[in-house]
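Here's a quick briefing to read alongside the model. Have the sequence and the 3D view open as you go.

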Amino acid sequence: MNIGIDIDDTITNSSEVVKEYCYKYDSVYCTDNRLIKSFERIIRGFLDDDVVKRFFNDHARNIGNDIKTKENAKEVIDKLRSEGNKIFIITARSDKFYENAQKFCEEYLKRNNINYDKLITGQTFKIETCKNEKIDLMIDDAIDTCEELAREGIKTILFNSEININKETSVKRVNNWNQLYNEIQNL
Ligand SMILES: [Mg+2]
């Protein structure tokens, strides 16, 4: 299978780190708790507010370096590859905030020993990429991405996160990488 995998909140614990930064820097950037209140929108990549934009522009690279990979992400990805699957890492991270997103992600993945077949950055809407790369299964924490892909007949599994956990969806959910591996075996 060609398996697409998102980075933030799928391979990594991004919302935890973004939240820490929002709390830490809120009073530096505003007086109305705007960063704290915008935490979810920042994670989703909706940076439509000047203050939020400035904050993210200043800290995106530090946040990106502080983020840790989730337990067993590396091991499960290696196992999937050894079983003949191709791993496509598909992320919305773009040059807008990361200068050279492709290089930034490559270096991060290398540092964290995440092996893959292809890395595709700058993909806010993943549907076209998934079609072009003939992705059979996409793993993501964004409900709308998973639902949109499912409508196009692409299999999806949703990685649970603080942000999506209370939202309703018919997409199959998993809590961790071992559970994800088992779900893939049952497809
Ligand atoms: Mg994500």
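**The metal site**

Aspartate 8 comes out as partly exposed, because its relative accessibility is 22% and the buried class stops under 20%. Bear in mind that this is a predicted model. Aspartate 8 is one of the residues that coordinate the magnesium ion, so let's begin there and then move on to helix H5, the two domains and the salt bridges.

- The magnesium ion is held by Asp6 (OD), Asp8 (O) and Asp141 (OD), at 2.1 to 2.2 Å.
- Along the chain, these donors follow the spacing D-x1-D-x132-D.
- Aspartate 6 counts as buried, with 5% relative accessibility, whereas aspartate 8 is partly exposed at 22%.
- Asp6 has another role to look at: together with Lys126 and Asp140, Asp6 is part of a network of salt bridges.

**Helix H5 and what covers it**

- H5 runs over residues 73–82, and Ala73, Val76, Ile77 and Leu80 are buried in this helix.
- Those four sit on the same side of H5, because they cover an arc of only 100 degrees around the axis.
- What packs over them? The cover of the buried H5 residues includes strand E1 (2–5), strand E2 (86–90) and helix H10 (177–185).
- Just after H5, look for glycine 84, which takes a positive phi of about 100 degrees.

**Two domains and their interface**

- The domain assignment splits the protein into domain 1 (2–13 + 70–185) and domain 2 (14–66).
- On the contact between them, domain 1 puts in 17 residues and domain 2 puts in 17 residues.
- Measuring from C-alpha centre to C-alpha centre, domain 1 and domain 2 lie 22 Å apart.
- About 1600 Å² is buried between domain 1 and domain 2, with carbon and sulfur atoms giving 48% of that area.
- Which three residues of domain 1 supply more of its buried area than any other three? They are Asn13, Phe97 and Ile163, which supply 41% of what domain 1 buries against domain 2.
- The interface of domain 1 and domain 2 also has two salt bridges across it.

**Salt bridges**

- How many salt bridges does the structure hold? The count is 14.
- Lysine 19 pairs with glutamate 162, with the closest N and O atoms 2.7 Å apart.
- That pair links distant parts of the chain, 143 residues apart: lysine 19 is in helix H1 (residues 14–29), and glutamate 162 is in the loop between strand E5 (155–159) and strand E6 (173–174).
- Both partners are partly exposed: lysine 19 has 27% relative accessibility, and glutamate 162 has a relative accessible area of 47%.
- Glutamate 40 bridges to lysine 167, and here the closest N and O atoms are 2.6 Å apart.
- Glutamate 107 and lysine 103 form a salt bridge at 3.5 Å between the closest N and O atoms.
- Both of these residues belong to helix H7 (residues 101–111), where they are four residues apart, about one turn of the helix.
- Glutamate 107 is partly exposed at 39% relative accessibility, and lysine 103 is partly exposed with a relative accessible area of 46%.
- Glutamate 183 meets lysine 172 in a salt bridge of 3.8 Å, N to O.
- Glutamate 183 is in helix H10 and lysine 172 is in the loop between E5 and E6, so this pair ties together parts that are eleven residues apart in sequence.
- Lysine 172 is partly exposed, with a relative accessible area of 43%.

Terms used
Residues numbered from 1 in each chain as written. Predicted model: local features only at pLDDT ≥ 70, side-chain atom pairs only at ≥ 80, totals over all residues. Heavy atoms only, no water. Donors = N, O, S within 2.8 Å, 3.2 Å for Na, K, Ca; no water. Buried < 20%, exposed > 50% of the residue type's maximum accessible area, 1.4 Å probe, protein only. Helix = DSSP H or I, 4+ residues; strand = E, 2+ residues; numbered from the N terminus. Arc of directions from axis to C-beta. Contact = heavy atoms within 4.5 Å. Domains from an automatic or database assignment. Buried area = accessible area lost by both parts, 1.4 Å probe. Salt bridge = Lys/Arg side-chain N within 4 Å of Asp/Glu carboxyl O.
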